[in-house]
Amino acid sequence: MIKRDRYLNKIIEAMWDGHVKAIVGIKACGKTTILFEIFKDYLLKQGVQENNILTFELGKRKDYKFRNPITLCDYVENIVKTHQDEKFYLFIDEVQFTMTFTDDEAPEIKVTIYDILNDLKSYKNLDVYVTGSNSKMLSIDIATEFRGRSTNIAVYPFSFKEYFEYVGGDWRDALDKYVIFGGMPAILKKKNDRQKMEYLSDLYTKVYLSDLIERNHIEHKEVLDSVLDYISSSISSLTNPTNIANALTTLRKSKIYSETISRYLDFCQDAFLIRKVNRYDIKGKNYFKSASKYYYTDIGLRNCRLNFRQIDYGHIMENIII
């Protein structure tokens, strides 16, 4: 297993800080593995008893009943109250599967998992960690819902250092592969280039793109496609919503407004698919009219979007390094 010490150390630094730890990032980048395997293994090696690590994987059948936040709260509270002289760690994966609880006797009162976790984190002998995302609740929502009461730890796909730690061999050969296919963890399990391409294509279209459209109720998918194509082909280049709108208006021969482009770019950033980097020397109102650079969270996803054409090493290396 790749150690991913960068993220492990961030979690260790946040232990027992009184906040819920929200492990956030693009889907399928390894958030669950970091929490449920790497961090759990660290705790066990520190002498924490396995029974003191309370784990709930809400996407799995064995834990379906805990999708009710009241049921989950009652279960956890019973343990931490009964053993107040012991420390406990609460891990919740796929937290977006929890339901909003409504009491039949008071239907106007709605209880969410965020209400529950804000209560649970008040116990001095309980440290809380969550992860998860889908079209209805992205990682950014999980972080936002706690309104300053969470410690957010952003996770990204494998860096080249992490990737090379696993594949080994000649670093130049490894870099050639990484430049094309990127660092999504599941890539390492694929046997050949065809399988890697198919995996990235399915992930992009059936997961990320579908989630973007469903979550944001996008009616003009063709415009979103054009925005993604433009950003993919111009990574590491200076641009802004107005420039993109003008270019697409000329290309499509129909008016596309910069406000629409700006919203679509925000949607992609919320999903952790792309990142925006502003010039460091711009201040105030100039932010709104100055050009910025956009980078893909994973270069393999960018290449997949362009059917593995336009392998421009200069721009790709900037995307990887940033």
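## Briefing on a predicted 322-residue protein

Let's start with charge: the 47 positive and 44 negative charges of the protein have mean positions 5 Å apart. Here Lys and Arg count as positive and Asp and Glu as negative, with His and the chain ends not counted; each charge is placed at NZ of Lys, CZ of Arg, CG of Asp or CD of Glu. Keep in mind that this is a predicted model, where local features need pLDDT of at least 70 and side-chain atom pairs count only at pLDDT 80 or more, while totals for chains, interfaces and linings use all residues. Numbering runs from 1 along each chain as its sequence is written, and side-chain values use heavy atoms, with hydrogens and water left out.

**Overall build**

- The protein has 14 helices and 9 strands, taken as DSSP runs (H or I, at least four residues, for helices; E, at least two, for strands) and numbered from the N terminus.
- Its radius of gyration is 22 Å, which agrees with the value near 20 Å for a compact globule of 322 residues; that is taken over C-alpha atoms, and the globule rule is 2.2 Å times the number of residues to the power 0.38.
- The C-alpha trace spans about 65 × 55 × 40 Å along the principal axes.
- Among contacts with a separation of 6 or more, 69% join residues 24 or more positions apart (contact means heavy atoms within 4.5 Å).

**Surface and burial**

- Accessible surface adds up to about 16700 Å², and carbon and sulfur atoms hold 50% of that (Shrake-Rupley method, 1.4 Å probe; for residues, only the protein chains shown count as cover).
- Of the 322 residues, 49% count as buried, meaning under 20% relative accessible area, with exposed over 50% and partly exposed in between (1.4 Å probe, protein chains only).

**Two phenylalanines with positive phi**

- Most residues other than glycine have a negative phi.
- Phe272 goes the other way, with a positive phi of about 65°; it sits in the loop between α11 (258-270) and β8 (274-277) and is buried at 18% relative accessible area.
- Phe308 has a positive phi too, near 60°, and lies in the loop between α13 (299-305) and α14 (313-321), buried at 16%.

**Cysteines**

- The whole structure has 0 disulfides (a disulfide being a pair of cysteine sulfur atoms within 2.5 Å).
- For Cys29, the closest cysteine sulfur is in Cys268, 17 Å away and so too far for a bond.
- Cys268 is in no disulfide either, as its nearest cysteine sulfur, in Cys304, is 14 Å away.
- Cys29 is buried at 0% relative accessibility, and Cys268 is buried at 1%.
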